[in-house]
Structure formats: C-alpha cells, structure tokens
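User: Please take a close look at the ligand site in this model. I would like the contacts, the make-up of the shell, and then the backbone details elsewhere in the chain.

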Amino acid sequence: MSGTTPKSCSVGHLSAPVRSSDPTGPREELAALESAGLLRSLRSLDSPAGPKVIRDGRELWNFASNDYLGLASHPALAEAFIEGIHRYGAGSAASRLVSGTLPPHRELEESLAAAKGAEASLVFSSGFATATGSLPALVGKDDVVVLDKLCHASLIDGARLSGAVIRVFPHNDVPKLDRLLEVIRKKQAGARVIVVTESVFSMDGDLCPLREIIETKDKHGALLFLDEAHAFGAIGPSGMGLAAQLGLQDRVDFQMGTLSKAAGLSGGYLACSAEWRDLLVNRARSFIYSTAPPPALAHAAMASLALIRSATGDALRESLHANIAAFAPGHPSPIVPIILGENQRTLDASKALEERSYLVPAIRFPTVPRGTARLRISISAAHPLEALAGLKNEIAAISRDRS
Ligand SMILES: *Cc1c(COP(=O)(O)O)cnc(C)c1O
C-alpha cells in the first residue's frame, strides 16, 4: 500500500443491477430475482408485534423485530399515544415549517438534545428520512462523504443524494480511514469532509471503534456523523448509546438515531449544535417537504424517552443484556448474525426455524454483500430464557447439519 493512493472500496453491493429487455413490464426482473433466491414478498403478522407473535395461525417466538426493550407493545406508550390524540388530534396537517410544529414536537426535540448531551436536535418522520434529508443538507458537490463499507442503505442514499464525492473505507478499518482522509485532505484541502458510520452495525451487530474514529477524524479536520439506530435505548448509560457509554458525545458532530427500534414507535432524530440544526431546518428536504409526524406520536415518543431513561428502562436493559449473554456470551449488541453464505440455504434455515416456532429472518443481498446471506437474530428484554435456549438448540442443530 505504501506510496500508492489507497483505493477506496465500493458500496456497490447495495445496488442491484437487474436489467430487463422488456421496458414495459417487470416480469423478467421478478423472474431473475426468483431464480437467484433473492425474491422478497410481504407476509403479515396476525397479532401485535411482541416477543410472541401469530403468523398463519401459528404462535411463533419473535426474533425478527428491533423491539429490544419490548416497548412497541408497552401499555404506557399506548396510553401516551392515546392521550396525545385526545390533546392534539390525529394528524399534524402541515409540514413543520408551515403550521405543523406543535408543542410535543418542540418538547421532544429539547428532551432528545438534553438526553444526547447536544445543544439541539431535529426530529424526522423516520430514521431513513433523517439520513436522506440531513446528509444532503450538510454536504454538496465540493465536499466528501466517507462511509464505512457496511453502512445502512439510508446513509448510502443520503450520501448519494448529496452529490458529494463518496469514498468508502473497509468495515471498521481505522488505519485505512486515516490514509483515505490524508489523501482527501491533500487533494481537497478546503472541502467539508464527513465520516459516516454506525455505533452498532445493523446486519452484523458489531460496534465501531468509536474513540479511534473520533481521533482520526479530528486529526484531519473532518466531521463525524454517527448513526446510533440500534444503540439508542439499548446501550450505554440510560440507553443513550455508544458515544454516551464512552463519554464521547461532545466529540460526535452529528448523533443520529431512530425512534423506531428500541423506542418502540417510529421516527428519527439528529442531535447536533444549534447552528447545524438551523441549517437542517432550512435545507433538509425530507424535513421541509413532508408533513410533520403526528403530534400524538411525538407525545408518545416523549413517554418512550422518559421510560428508556427511567429505573424501569435500566431494569429492561439489564434483562436485555442478560438475554444477550445467555444466547451469545460476549456479544456486544442485541443483533446476532449467523452467516450461512448461500441464499437458498439461509431461506431453508429460516423456514425450518419457523416450522419449529421461531421467527428468524433470512437476510440476503442487497441488504448484505453477496455470499454472506445470514440469519439475523434480534434479542429483546421481553424474551423468556426458555425461548432463547430453545432457539440456541435449533441453531446448533442447523450448524451440525451443515458440517
Ligand atoms: C433502521 C435503520 C435506519 C432507519 O430507521 P427507520 O426509523 O426504521 O427509518 C437507519 N439507520 C440504521 C443503521 C438502521 O438500522
């Protein structure tokens, strides 16, 4: 590598280039997906989301949702939602900048900012909208976005929409990130450079080396955009994420998260300085040109945040981490991947588990790189030990069958 320009790797595994000779219909593309073991279709649950769900008339242990604390079905949140509807009605009726901002939106943003140790925060209708709205507001064509190779689709799309130059560093490889930033700085001394990564990676469940990444981005005068989607609620003091756990919140320029996972609802946020927030309010298109989330949802999100930060939240996190330790000793997050490689083998394994009453999704390209199809197990505080032990036995049987 010495003396040569480090070549950044691509995020190409996230674009599925299926070409068709028929411009008038999708049949060929669907057939191509089917024959590659990549066709997806919607299946619904016949029960609320929870540790146990019903699908096709059968009860299944649910290891497929991101409801790490079991809050999606928590009565306090449902009650807060209803209370919010009584107070503020069903919808917000306009975008935030027009007349869609109501007291709970403001209160939620203030509470999130305080909880994240930031000056300010801005709430979006989803985590996806947070990433695709904020990155293009922060950088443009003369700037550079530097992504970890395994970043979530929303971050990649946000980077692409921004028009900035996109560079990619191998997953969690800080020396490579350092070299890449050095080269970028040589070529574009004046560019705004944003390093984008996740604290808990959504399909691998591993953590980023946050302290080293911060030191590296500081060394090169770059900014850091950290997506804490799977850490918020689940990790760190009061569930405030990896940056909080390491005492590094004030060194992360943009702390992103979602209200859709451990918080049990939906929505996304970006916590940052008041000035950056002002810029986002003026430039983030998914914020400006979209109807404000229902005020009742913001009201419920306040209740969720309070619960996450309460002694009850601490107890739920303790159960969550005890469950993780029981299922996968030493694993740092609630997301446990079992990489099987082949699409069909992974689909078969998922189906076999479902027949034995465990709902575990098969994750395939383009969500993960080709050849790394996997079962993705999401552990919740709400899982009883018997379900964890049962799943562990079934997974061991699948692994034995392979060898
Ligand atoms: C789920 C997820 C998002 C999107 O959040 P939503 O609120 O579900 O839109 C963004 N980033 C990461 C890493 C995620 O896992």
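Analyst: The ligand site comes first, followed by the surrounding chain, a small sheet and some backbone details. One caution before the numbers: this is a predicted model.

Start with the shell. There are 15 residues around the ligand. Those that come nearest are Gly127, Asp227, His230, Ser260 and Lys261. By class, the shell has nine polar residues, three charged ones and three nonpolar ones.

Now the polar contacts. Two of them go to the protein backbone. A polar backbone atom of Gly127 lies 2.7 Å from an oxygen atom of the ligand. For Phe128, a polar backbone atom is 2.9 Å from a ligand oxygen atom. A side chain takes part as well. In His152, a side-chain N or O atom sits 3.5 Å from a nitrogen atom of the ligand.

How much of the ligand does the protein bury? Taken alone, the ligand exposes 380 Å², and 86% of that is buried by the protein. Two elements give two or more residues to the shell: helix α5, residues 127-138, and strand β8, residues 254-258.

Helix α5 deserves a second look. Thr130 has its place in this helix. Is Thr130 buried or exposed? Its relative accessible area is 0%, so Thr130 is buried. The Thr130 side chain also makes a polar contact: it reaches the backbone oxygen of Ser126 at 2.7 Å.

Next, the wider chain. An unreviewed UniProt entry carries the annotation "domain: Aminotransferase class I/classII large" for residues 60-388. Over residues 60-388, the chain is 44% helix and 17% strand. The end C-alpha atoms of that stretch are 13 Å apart.

Then the small sheet. Three strands make up an open sheet with mixed pairing, in the order β1-β2-β11. Why is one side of β1 and of β11 left without a neighbour in the sheet? β1 (52-55) and β11 (358-359) stand at the edges, and each has a single partner strand, so one side of each has no neighbour in the sheet. β1 pairs with β2, residues 58-62, in the antiparallel sense. Four bridges join these two strands. Within that pairing, Val53 has Leu60 in β2 as its bridge partner.

The sheet leads on to a backbone detail. Ser357 is found in the loop between α14 (343-355) and β11. Ser357 is not a glycine, yet its phi is positive, at about 80°. With a relative accessible area of 25%, Ser357 is partly exposed.

Ser238 also has a positive phi, about 55°, although it is not a glycine. Its loop runs between β7 (223-227) and α9 (242-245). The relative accessible area of Ser238 is 24%, which makes Ser238 partly exposed.

One more item concerns a peptide bond. The bond from Phe365 to Pro366 is cis, with omega near 5°. Pro366 is found in the loop between β12 (362-363) and β13 (373-378).

Back to the site, in brief. The ligand has backbone contacts at Gly127 and Phe128, plus a side-chain contact at His152. The protein buries 86% of the area that the ligand exposes when taken alone.

Definitions and conventions: Residues are numbered from 1 along each chain as its sequence is written. This is a predicted model: local features need pLDDT of at least 70, side-chain atom pairs count only at pLDDT 80 or more; totals for chains, interfaces and linings use all residues. Side-chain values use heavy atoms; hydrogens and water are left out. Two strands pair if DSSP finds at least two bridges between them. A residue is near a molecule or strand if one of its heavy atoms lies within 4 Å of it. A polar contact is a pair of N or O atoms within 3.5 Å; within protein, one must be able to donate a hydrogen and the other to accept it, and residues adjacent in sequence count only if both atoms are side-chain atoms. Accessible areas come from the Shrake-Rupley method with a 1.4 Å probe; for residues, only the protein chains shown count as cover. Ala, Val, Leu, Ile, Met, Phe, Trp, Tyr, Cys and Pro count as nonpolar, Asp, Glu, Lys and Arg as charged, and the others, Gly among them, as polar. UniProt positions are given in the numbering used here, feature names are shortened, and annotations may be inferred rather than shown by experiment. Buried means under 20% relative accessible area, exposed over 50%, partly exposed in between (1.4 Å probe, protein chains only).
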